[in-house]
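Work through the exercises below with the sequence and model in view. Each task is followed by a stepwise solution.

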Amino acid sequence: MRNEKADKTMGYFVHETSIIDNNVVIGDGTKIWFFCHIQSGARIGEKCSFGQNVNVSNNVKIGNGCKIQNNVSIYEGVELEDYVFCGPSMVFTNDLTPRAKYPKGSMGYKKTILRTGASIGANATVVCGHEIGGWAMVAAGAVVTKDVPAHALVAGTPAKQIGWVCECGERLGGDLHCRKCDREYTLSDKGLIERK
């Protein structure tokens, strides 16, 4: 179904080539570009940006300020909190043992959650059933097969932690002090937390 793409009263922008199903909520200031499909039950926050050829499946929840680059599919069972970045052509999954002949449906999907500020690099894969911690960074091409702590920098196949990153994106040294924005962190059982 095509919506009135140019209607200024909507509070958001949808390119005329994109399809928005019924029962979708889209926040003010969000921009949905060429050839996207937002499926029924999706909830999208304010000031998000969706690049070309993005698919948001049924009942997906996306927070405010998220940036989804070209060719990303966000499948049912995936949830993005605020300010999540999904790089071009990165991949989510939602079924650990898929079979075309034996579909499980949504009851068989594994939940994947990306906490506030997490960034996933281009062509990375996030295997379902895991949590990417707040402000964590997954390198381009990495394959995430386990939970990623807050502020962790992970890379490789399978992804392994190679360092820590600041909220601003700068890689941290051993003292966990950001030379770029001056934030300081301390280690917790969930990853890094900022010292106030």
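**Exercise 1.** Decide whether Ile 38 is buried or exposed.

Solution. Ile 38 has a relative accessible area of 0%. Buried means under 20% relative accessible area, exposed over 50%, and partly exposed in between, with a 1.4 Å probe and protein chains only. Ile 38 is therefore buried.

The model is predicted: local features need pLDDT of at least 70, side-chain atom pairs count only at pLDDT 80 or more, and totals for chains, interfaces and linings use all residues. Residues are numbered from 1 along each chain as its sequence is written, and side-chain values use heavy atoms, with hydrogens and water left out.

**Exercise 2.** Place Ile 38 in its strand and list its contacts.

Solution. Strands are DSSP runs (E, at least two residues), numbered from the N terminus. Ile 38 belongs to strand S5, residues 37-38. Contact means heavy atoms within 4.5 Å. With neighbours within four places in sequence set aside, Ile 38 contacts Ile 19, Ile 20, Asp 21, Val 24, Ile 32, Ile 44 and Val 56. Ser 57 is 19 residues from Ile 38 in sequence, yet their C-alpha atoms are 6.5 Å apart.

**Exercise 3.** Which residue is the bridge partner of Ile 32 in S7?

Solution. Two strands pair if DSSP finds at least two bridges between them. Strand S4 (residues 31-32) and strand S7 (residues 49-50) pair in the parallel sense over two bridges. The partner of Ile 32 is Phe 50. Both strands appear in an open sheet of nine strands, ordered S1-S4-S7-S10-S13-S16-S19-S21-S22, with mixed pairing. Its edge strands, S1 (13-14) and S22 (160-164), each pair on one side only.

How values were computed. Helices (H or I, at least four residues) and strands (E, at least two) are DSSP runs, numbered from the N terminus.
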